[in-house]
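Student: Hi! Could you walk me through this one?
Tutor: Happy to. Let's look at it together.
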Amino acid sequence: MKTVLLIGSGGQVGQELQSTLSSIAQVIPIPRESLDLTQLDRVRETIQKTCPHLIINAAAYTAVDRAESEPELATVINSDAPTVMAEEAAQMGAALIHISTDYVFDGSKNTPYTETDRPNPIGAYGKSKLLGEQGIQQVHATVPEFRYVILRTAWVYGALGKSNFVKTMLRLGSDREEVRVVSDQVGTPTWAADIAKAITVLSSHWLSIEAEDPTTDRVTSGIYHFTNSGVTSWYDFAVAIFEEAAAIGFPLKLQRVVPITTAEYPTPTQRPAYSALAWQKIAAILNSPPPHWRQGLRQMLTQLYTQTYESNYSLRR
Ligand SMILES: NC(=O)c1ccc[n+]([C@@H]2O[C@H](COP(=O)([O-])OP(=O)(O)OC[C@H]3O[C@@H](n4cnc5c(N)ncnc54)[C@H](OP(=O)(O)O)[C@@H]3O)[C@@H](O)[C@H]2O)c1
């Protein structure tokens, strides 16, 4: 079996990838505890020691607001480290799948962003992620046979991992009668498990083709957009979370979700007002459109309910 070095195996997407990849490859999970991405020499050493066929980078500095006060740290983790991964992968003939974000766009469009749209990040997190994309692309420009995918996704949530919008809404909804949520930011909530499935399909293409016959490769190097399908606002997403959660049986105190504007909820960083991504390019490889965001939400909540109420798992962990 071929080997996949899974960097960031403890994150939301990383944990899902551990299970989806295990049927197609020998996975070497690398959580934060065993590799700190700020130590670039250790990143090189880990890749050289394990000599994988494929590197997947699911690790990132994802604290969007905190990045405004720690831009250098965000840049080391989101740009310098993935660039080192690309250099090492190119050197040893391994492929790289790296995850990026809708926040590389400024949000001034009102139709889904395609892979050829010009990025123009408006916050430190988006800037650091764009630098990471560019670092990987520069390595490919120097070593054209180096195979990489930059998979941009958006509004990620999952039952595994620490915190996300869905878990926050459930916590607030169990404590309060009213929750206020911004209604003028639009995008697509995406279930981490669906991202993991898409990455696993891409991985299986690359792990099964013969290195000496790249003409069999349907996955050409470049940027791909993957989110669930459909478009919504954070407010409508919150309403859907409470509807689905109530139907599944989560105990909720909540009576009202109140729509507010971004101006009424100031945050340290500006977020794009519109960041839906066009996923048609990757759908041609996956042979199907991504599942609708509401379907992903229902499946995630069902999984979370089982974890929460049918085991000792706690939402507050
Ligand atoms: N979350 C979103 O809404 C969203 C939206 C668009 C794109 N993305 C992208 O999707 C990818 C996966 O995100 P996710 O939601 O799964 O994020 P996540 O749950 O925050 O996972 C990221 C992982 O990276 C680890 N990490 C952070 N700093 C590190 C360091 N210095 N060294 C080693 N590991 C470190 C984190 O560890 P700790 O948990 O210990 O910090 C965590 O395990 C990322 O590339 C992210 O930029 C996410």
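Tutor: One bit of vocabulary: Ala, Val, Leu, Ile, Met, Phe, Trp, Tyr, Cys and Pro count as nonpolar, Asp, Glu, Lys and Arg as charged, and the others, Gly among them, as polar. This is a predicted model, where local features need pLDDT of at least 70 and side-chain atom pairs count only at pLDDT 80 or more, while totals for chains, interfaces and linings use all residues. Residues are numbered from 1 along each chain as its sequence is written, and side-chain values use heavy atoms, with hydrogens and water left out.

Student: Okay, how many residues of each class are in the shell around the ligand?
Tutor: The shell has 12 nonpolar, seven polar and five charged residues.

Student: And which residues are the closest to the ligand?
Tutor: Those are R32, L37, T62, Y125 and K129, out of 24 residues that surround the ligand (a heavy atom within 4 Å counts).

Student: What lies 2.8 Å from an N or O atom in the side chain of T62?
Tutor: An oxygen atom of the ligand. A polar side-chain atom of K162 also lies 2.9 Å from a ligand oxygen atom. Polar contacts here are pairs of N or O atoms within 3.5 Å.

Student: Which element gives the largest share of the shell?
Tutor: Strand 4, with three residues. Strands are DSSP runs of E with at least two residues, and helices are runs of H or I with at least four, numbered from the N terminus.

Student: Switching topic: how do helix 3 and helix 4 pack?
Tutor: Their axes, lines fitted to C-alpha atoms over the stretch in contact, are 8 Å apart, at an angle of about 15 degrees. Helix 3 and helix 4 are therefore roughly parallel, a term for angles under 35 degrees.

Key:
Polar contact = N/O pair within 3.5 Å; in protein donor to acceptor, adjacent residues only side chain to side chain. Axes fitted to C-alpha atoms, helices over the stretch in contact; angles between N-to-C directions. Parallel < 35°, antiparallel > 145°, perpendicular 65-115°, else oblique.
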